[in-house]
Amino acid sequence: MAWVTINRNEPVVDPKAPPVLGEAVRVKIRSFFDRYETKRAVLLPALHIVQDALGHVPWQAMVEIADLLEIHPSDVIDTISFYTHFWTHPKGEKVITVCRSISCEVMGGAAVLEELKKQLKIDEHETTKDGKYSLVTEECLAGCDNAPCLLINEKLHKHVKPQDVAKLLAEANNDRIAVPRSALFDASTLSFAAASKTNGALLGTTSDVREMREAD
Ligand code: FES
């Protein structure tokens, strides 16, 4: 991703702007004070509460959180910029997270990412004009044995190939259901299933594993 120059001389928060945190959100944040020794320790719960309420954590909210927790706004920014879970600007209705770790990289994850960028017409950390999708990359999604993987909201899609991208995006429920995958995935799954039926002895089973452990 290209470097972006930020002008630090321009204030990002208007001191006269009305508060963005409603009373219900403030009450919920304060309800955590008794659970921790310091107010500062409530920072992570506070960020979750605000993101749940507003969909993201705008600059103004960071200042208000800092005020509530009696810390400096820079402490809030330090924390929020560490966790990719938190958004400082509105995100799309669905977030596509492409794995950028080694297994997926080796299996062609970068080409999937490029195809997504092309079809969505956005770059990483951007949102489509219609607000439908945001695109990010993340480290391992814990699906390495089915690389390359991506998430659409919480739904993990495995063995995704660039040619699957159009089909994935066309499925309205792609954040809830599995979408038919590439021929490579289907072929390997089918051949494994066929081999299991015809020659179970060739394939390891849980009882084989137990026997191996007992033999150790
Ligand atoms: S490396 Fe991509 S899911 Fe683990």
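Me: In β3, which residue is the bridge partner of Cys99?
Reply: This is a predicted model. Strands β1 (residues 94-99) and β3 (residues 133-138) pair in the parallel sense, over six bridges. In that pairing, the β3 partner of Cys99 is Glu138.

Me: Which residue in β4 stands opposite Ile96?
Reply: β1 also pairs with β4 (residues 150-152). These two run antiparallel and are joined by three bridges. Across from Ile96 in β4 is Ile152.

Me: In what order do the five strands form the open sheet?
Reply: β1 pairs with β3 in the parallel sense and with β4 in the antiparallel sense. The pairing in the sheet is mixed. The order is β2-β3-β1-β4-β5.

Me: Which strands stand at the edges of the sheet?
Reply: The sheet is open, in the order β2-β3-β1-β4-β5. A strand with a single partner has one side left without a neighbour in the sheet, and so it is with each edge strand here. The edge strands are β2 (126-127) and β5 (155-157).

Me: How many residues of strand β1 are buried?
Reply: Lys94, Ile96 and Val98 point one way from β1, and all are buried. Val95, Thr97 and Cys99 point the other way and are buried too. The strand is therefore largely enclosed by the rest of the structure, with a buried count of six of the six.

Me: Is Thr97 buried or exposed?
Reply: Thr97 is in strand β1. Leaving out residues up to four places away in sequence, Thr97 touches Val136, Thr137, Glu138, Leu141, Leu150 and Leu151. Buried means under 20% relative accessible area. Thr97 has 9% relative accessibility, so the class is buried.

Me: At roughly what angle do the axes of α2 and α3 cross?
Reply: Two packed helices are described by the angle between their axes and the distance between the axes. The axes of α2 (residues 43-54) and α3 (residues 59-69) come within 11 Å. The crossing angle is roughly 140°. That makes α2, relative to α3, oblique.

Me: How many nonpolar residues has the contact of α2 with α3?
Reply: From α2 come Leu43, Ala46, Leu47, Val50 and Leu54. They meet Ala61, Ile65 and Leu69 of α3. By class, the contact has no polar and no charged residues, and the nonpolar count is eight.

Me: What is the handedness of the crossing where α2 passes α3?
Reply: The two axes come within 11 Å of each other. As α2 passes α3, the crossing is right-handed.

Me: What relative accessibility has Gln60?
Reply: Gln60 sits in helix α3. Leaving out residues up to four places away in sequence, Gln60 touches Val13, Asp14, Ala17, Pro18, Pro19 and Val20. Gln60 counts as buried because its relative accessibility is 15%.

Me: Which two residues does a cis peptide bond join?
Reply: Most peptide bonds are trans. Here one bond has an omega of about 0°. Its proline, Pro148, lies in the loop between β3 and β4. The cis bond joins Ala147 and Pro148.

Me: Where does Lys121, with its positive phi, lie?
Reply: Lys121 is not a glycine, yet its phi is about 60°. At 71% relative accessibility, Lys121 counts as exposed. Its place is the loop between α6 (109-120) and β2.

Me: What is the phi of Ala142?
Reply: Ala142 is in the loop between β3 and β4. With 67% relative accessibility, Ala142 counts as exposed. Although Ala142 is not a glycine, its phi is positive, about 70°.

How values were computed. Residues are numbered from 1 along each chain as its sequence is written. This is a predicted model: local features need pLDDT of at least 70, side-chain atom pairs count only at pLDDT 80 or more; totals for chains, interfaces and linings use all residues. Side-chain values use heavy atoms; hydrogens and water are left out. Axes are lines fitted to C-alpha atoms, for helices over the stretch in contact, and angles run from 0 to 180 degrees between N-to-C directions. Helices (H or I, at least four residues) and strands (E, at least two) are DSSP runs, numbered from the N terminus. Angles under 35 degrees count as roughly parallel, over 145 as roughly antiparallel, 65 to 115 as roughly perpendicular and the rest as oblique. A crossing is left-handed if the near helix is turned anticlockwise from the far one by less than a right angle, and right-handed if clockwise. Contact means heavy atoms within 4.5 Å. Ala, Val, Leu, Ile, Met, Phe, Trp, Tyr, Cys and Pro count as nonpolar, Asp, Glu, Lys and Arg as charged, and the others, Gly among them, as polar. Buried means under 20% relative accessible area, exposed over 50%, partly exposed in between (1.4 Å probe, protein chains only). Two strands pair if DSSP finds at least two bridges between them.
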